[in-house]
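Colleague: I am new to this structure and would be grateful for a close look at a single part of it. Please begin with any term that the description depends on, and then place that part in the setting of the whole.

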Amino acid sequence: SVKEIWDKLEVTYECTNQVKESRINMLVHCFELFKMNSDESISSMFTRFTEIVNSLKSLGKTYTNSELVRKILRCLPKNWEAKVTAI
């Protein structure tokens, strides 16, 4: 039936609500624990951060710009402390 086809497509391509919530939880966990690695450039750190944020946004979980900026500033290493304070 059409309903069975729709259900199969939903599971295959959009996932179930349970899978979606699980992905959101995993990505929120990654977001909360996000830190800049010691051997990482700002550019590569920001790319990793953007991938997490974009994945969350595609699943319906969004953050305000001020929350994202504060998170970026908090994840920078100690040698960036003076710049973070100035910002």
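Modeller: A helix is here a DSSP run of type H or I with at least four residues, and helices are numbered from the N terminus. The model is a predicted one, and the part I have chosen for the close look is helix α1, which covers residues 2–14.

Helix α1 holds a pair of oppositely charged side chains. D7 forms a salt bridge with K3, and the closest N and O atoms of the two are 2.9 Å apart. Side chains of opposite charge can pair when their charged atoms come close. The positions of the two residues along the helix also matter: D7 and K3 are four residues apart in helix α1, which means that about one helical turn separates them.

The two partners differ in how they are covered. A residue is called buried under 20% relative accessible area, exposed over 50%, and partly exposed in between. D7 has 28% relative accessibility and therefore counts as partly exposed. K3, at 53%, counts as exposed.

Helix α1 also contains L9. L9 joins I5 and W6 in a nonpolar patch on the surface, and together these residues have about 320 Å² of accessible area. Because its relative accessibility is 40%, L9 counts as partly exposed.

The setting of this helix comes next. The protein has five helices and zero strands, and its elements run α-α-α-α-α from the N terminus on. The overall form departs from that of a compact globule: for 87 residues such a globule would have a radius of gyration near 12 Å, but the protein has 18 Å. Its C-alpha trace spans about 65 × 25 × 15 Å along the principal axes. Buried residues account for 23% of the 87 residues.

The bridge in helix α1 is one of two salt bridges in the structure. In the other, the side chains of R48 and E40 meet at 2.7 Å, N to O. R48 counts as partly exposed because its relative accessibility is 29%. E40 has a relative accessibility of 13%, so E40 counts as buried.

Beyond the charged pairs, the rings of the protein deserve attention. A pair of aromatic rings is described by the distance of the centres and the angle of the planes. The structure holds three aromatic pairs. One of them joins F31 and F49, whose ring centres lie 5.7 Å apart and whose planes stand at 35°, so this pair is tilted. F31 belongs to helix α2 (residues 17–32) and F49 to helix α3 (residues 42–58), so the pair ties together parts that are 18 residues apart in sequence. Both F31 and F49 are buried.

F31 also pairs with Y63, and here the rings are stacked, with 4.2 Å from centre to centre and 15° between the planes. This contact links distant parts of the chain: F31 is in helix α2, while Y63 is in the loop between α3 and α4 (65–75), 32 residues apart. F31 and Y63 are both buried. Taken as a group, F31, F34, F49 and Y63 are linked into a cluster by ring pairs.

Charged side chains also meet these rings. The charged end of K61 sits over the ring of Y63, at 5.1 Å from its centre. K71, in turn, lies over the face of F31, 5.9 Å from the ring centre.

Two further residues help to convey the spread of the chain. T62 is in the loop between α3 and α4. T62 has a relative accessible area of 51% and is therefore exposed. From T62 to E81 there are 19 residues in sequence and 27 Å in space, C-alpha to C-alpha. E67 is found in helix α4, and its relative accessibility of 31% is why E67 counts as partly exposed. E67 and E21 are 46 residues apart in sequence, and their C-alpha atoms are 21 Å apart in space.

To return to the part chosen at the start, helix α1 carries the salt bridge of D7 with K3, and L9 of this helix belongs to the nonpolar surface patch with I5 and W6.

Key: Residues are numbered from 1 along each chain as its sequence is written. This is a predicted model: local features need pLDDT of at least 70, side-chain atom pairs count only at pLDDT 80 or more; totals for chains, interfaces and linings use all residues. Side-chain values use heavy atoms; hydrogens and water are left out. Patches are made of residues with over 30% relative accessible area and no salt bridge: like charges are joined within 9 Å, nonpolar side chains (Val, Leu, Ile, Met, Phe, Trp, Tyr) within 5 Å. Accessible areas come from the Shrake-Rupley method with a 1.4 Å probe; for residues, only the protein chains shown count as cover. A salt bridge is a side-chain nitrogen of Lys or Arg within 4 Å of a carboxyl oxygen of Asp or Glu. Buried means under 20% relative accessible area, exposed over 50%, partly exposed in between (1.4 Å probe, protein chains only). Rings of Phe, Tyr and Trp (its six-membered ring) pair if their centres lie within 6.5 Å; planes under 30 degrees apart count as stacked, over 60 as edge-to-face and the rest as tilted. A charge sits over a ring if NZ of Lys or CZ of Arg is within 6 Å of the ring centre and within 35 degrees of the ring normal. The radius of gyration is taken over C-alpha atoms; the globule rule is 2.2 Å times the number of residues to the power 0.38.
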